[in-house]
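Reader: Please show me the structure, and then explain the terms used to describe it.

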Amino acid sequence: MSRQPRSSTKPELALRRELHRRGLRFRVNHPGLPGRPDLAFTRAKVAVFVDGCFWHRCPQHGTMPRNNRDWWQAKLDRNVARDRAKDAALAERGWVVLHVWEHEATDAAADRVQAEWRRRVTPIGR
């Protein structure tokens, strides 16, 4: 597990490239926020996490290993509980949290992020 990349995974890099292409600027792995979001739009207070299907138990693609099943069950349960705790901590600070699955199409994920960013940045009445 220590060999698993924690940041700059292929899905994360693809999303970053697409959002940057669209003119959105963000901080990567912001150290001052709970959970160190993969992308943080500080002005809009939008935090984005790009979650792996296995590690974060995707309802579509999450699988459970056959060997050492009890250990893996507990490990993955802790991951999901930690995700919910960091989401709550960010929400308490006024941040909106978006989760993007690694299997999600990059354009669709970028559309969701951009829509939330616009909603939070654009003044009412514009």
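**Terms and values**

Author: W71 lies in helix α2; helices (H or I, at least four residues) and strands (E, at least two) are DSSP runs, numbered from the N terminus. The model is a predicted one, in which local features need pLDDT of at least 70 and side-chain atom pairs count only at pLDDT 80 or more, while totals for chains, interfaces and linings use all residues. Residues are numbered from 1 along each chain as its sequence is written, and side-chain values use heavy atoms, with hydrogens and water left out.

Reader: Why is W71 called partly exposed?

Author: Buried means under 20% relative accessible area, exposed over 50%, and partly exposed in between (1.4 Å probe, protein chains only). W71 has 36% relative accessibility, so W71 counts as partly exposed.

Reader: What makes strand β3 largely enclosed?

Author: Strand β3 covers residues 46-51, and 6 of the 6 are buried, so the rest of the structure largely encloses this strand. V46, V48 and V50 point one way from β3, while A47, F49 and D51 point the other way. In a regular strand the side chains alternate between the two faces of the sheet.

Reader: How do you know that β2 and β3 pair?

Author: Two strands pair if DSSP finds at least two bridges between them. β2 (residues 39-41) and β3 share 3 bridges in the antiparallel sense, so they pair. One bridge partner in β3 is V48, which goes with L39. β3 also pairs with β4 (residues 96-101), in the parallel sense over 6 bridges. There, V48 stands opposite L98, and D51 stands opposite W101.

Reader: Why is the crossover from β3 to β4 called right-handed?

Author: A crossover is right-handed if, with the strands pointing away from the viewer, the path from the first strand over the helix to the second runs clockwise. The chain goes from β3 through helix α2 (residues 69-92) to β4, and this β-α-β crossover is right-handed.

Reader: What makes a nonpolar core, and which residues have the most contacts inside the largest nonpolar core?

Author: A nonpolar core is a set of buried Ala, Val, Leu, Ile, Met, Phe, Trp, Tyr and Cys residues joined through side-chain atoms within 4.5 Å. The largest has 15 residues, and L15, L19, F41 and V48 have the most contacts inside it. A second, separate core of 6 residues includes A40, A47, L90 and W95.

Reader: Why is the link between E18 and R21 called a salt bridge?

Author: A salt bridge is a side-chain nitrogen of Lys or Arg within 4 Å of a carboxyl oxygen of Asp or Glu. For E18 and R21 the N to O distance is 2.7 Å, so the pair meets that definition. E18 is buried, since its relative accessible area is 11%, whereas R21 is exposed at 62%. E18 also forms a salt bridge with R22, at 2.8 Å between the closest N and O atoms. E18, R21, R22 and D111 are linked in a network of salt bridges.

Reader: Why does Q114 count as buried, and what joins the side chains of Q114 and R22?

Author: Q114 is at 13% relative accessibility, so Q114 counts as buried. A polar contact of 2.8 Å joins the two side chains; the term covers a pair of N or O atoms within 3.5 Å, where within protein one must be able to donate a hydrogen and the other to accept it, and residues adjacent in sequence count only if both atoms are side-chain atoms.
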